[in-house]
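Please open the model in your viewer and keep the sequence panel beside it. The tour below goes from one selection to the next and says what is to be found at each stop.

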Amino acid sequence: MRRIAVYAVVFGALLYGVHRLGMVAVARLIGNEEMIVGLDCCIDYNRNTQDPWGNILVAVSGVFVTQVVAWVAIGLLAARRGNARLLATLAATAYVVSPVLQLIVYVVWHWAERDYVAVIDYLWVATALPEQALVALMLCLFAGYALVFWWAWWQARDRARTLSVSHQP
């Protein structure tokens with residue numbers, strides 16, 4: 001159990017970097033250099049942009065990149081490739097580092113210019129939908145994704161376990 005905790009801390013630190021680098025890469029790809037402050041894009045979203053969808057894309061890109069890592073780990077776990085505990089820990093940590101941490105930051109520190117806040121803010125600018133409707137939509141998307149993610153994680157983990165159990169004498 002202690003080893004899993006150490007893996008989670010190491011993966012968390014690495015995935016936080018992946019999250020940030022994903023945002024910087026997308027900001028560079030779409031040509032919005034003004035959004036980049038060091039290795040962070042959350043600090044200085046370009047409020048004067050004519051295209052709020054670009055800011056939305058950058059805001060979700062960090063979460064998206066970490067979730068790609070999580071789904072690759074789930075795929076490898078389900079395919080029984082690699083250390084099952086390591087892959088399960090990587091996938092779970094990637095989920096906690098991005099979507100869950102961003103939700104906690106949004107709930108606790110909702111005035112901060114962070115990913116979910118920026119997504120809701122710029123969706124409001126882009127669509128003129130009421131902020132409460134956008135918050136409700138974001139929470140529904142989060143809950144739906146959580147169900148799908150944890151179901152897939154659990155299935156992959158069980159599949160990896162059946163292999164290890166069936167190969168024991």
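Which element of the chain has the lowest mean pLDDT, and which the highest? If you colour this predicted model by confidence, the lowest mean value among the elements, 78, belongs to helix 4, residues 115–127, while the highest, 89, belongs to helix 2. For the chain taken as a whole, the mean pLDDT is 81, and 79% of the residues reach 70 or more.

Now switch to a cartoon view and follow the chain from its N terminus, where you will pass the elements in the order α-α-α-α-α. The chain has 5 helices and 0 strands, and of its 169 residues 42% are buried.

**First stop: helix 1**

Select residues 2–29, which form helix 1, and compare its ends: the 28 residues should span 40 Å at 1.5 Å a residue, and the end C-alpha atoms are indeed 40 Å apart. If you then show side chains, look for the buried residues of this helix, among them Phe11, Leu15, His19, Arg20, Met23 and Val26. As a help in reading such a pattern, keep in mind that an α-helix has 3.6 residues a turn, so residues three or four places apart point the same way. After helix 1 comes Gly31, a residue with a positive phi near 80°.

**Second stop: helix 2 and the loop after it**

Select residues 52–78 next, since these 27 residues make up helix 2, which reaches 38 Å from its first C-alpha to its last, close to the 39 Å expected at 1.5 Å a residue. Centre the view on Ser61, where helix 2 has a kink of about 35°.

Moving on along the chain, select Arg80, which lies in the loop between helix 2 and helix 3. Its phi is positive, about 60°, although Arg80 is not a glycine. Is Arg80 buried, partly exposed or exposed? With a relative accessibility of 33%, Arg80 falls between the 20% and 50% cut-offs and therefore counts as partly exposed.

**Third stop: the second largest pocket**

Which residues line the second largest pocket? Select Ile4, Ala84, Arg85, Ala88, Thr89, Ala92, Trp153, Arg157, Ala160 and Arg161, and you have its lining in view. Two elements, helix 3 (84–108) and helix 5 (131–166), each give two or more residues to this lining, and helix 3 gives the most, with 5 residues. The space in this pocket comes to about 230 Å³, and if you colour the lining by class, you will find 6 nonpolar, 1 polar and 3 charged residues.

**Last stop: Ala128 and Met138**

Go next to the loop between helix 4 and helix 5, and select Ala128 there. Like the arginine visited earlier, which has a positive phi without being a glycine, Ala128 has a positive phi, here of about 65°, although it is not a glycine. Ala128 is exposed, because its relative accessible area is 61%, which is over the 50% cut-off.

Finally, select Met138 in helix 5, which counts as buried because its relative accessibility is 15%, under the 20% cut-off. To end the tour, draw a distance from the C-alpha atom of Met138 to that of Leu103: these two residues are 35 residues apart along the chain, and their C-alpha atoms are separated by 9.6 Å.

Terms used: Residues are numbered from 1 along each chain as its sequence is written. Side-chain values use heavy atoms; hydrogens and water are left out. Helices (H or I, at least four residues) and strands (E, at least two) are DSSP runs, numbered from the N terminus. The expected span of a helix is 1.5 Å times one less than its number of residues. The bend at a residue is the angle between axes fitted to the seven residues ending there and the seven starting there. pLDDT is the predictor's confidence in each residue, from 0 to 100. On a 1 Å grid over the protein atoms alone, a cavity is a set of points where a 1.4 Å probe fits but cannot get out, and a pocket is an open set with protein on both sides within 12 Å along at least five of seven lines; lining residues have an atom within 4 Å of a point. Grid points are joined across faces, edges and corners, and a volume is the space filled by probe spheres set on the points. Ala, Val, Leu, Ile, Met, Phe, Trp, Tyr, Cys and Pro count as nonpolar, Asp, Glu, Lys and Arg as charged, and the others, Gly among them, as polar. Buried means under 20% relative accessible area, exposed over 50%, partly exposed in between (1.4 Å probe, protein chains only).
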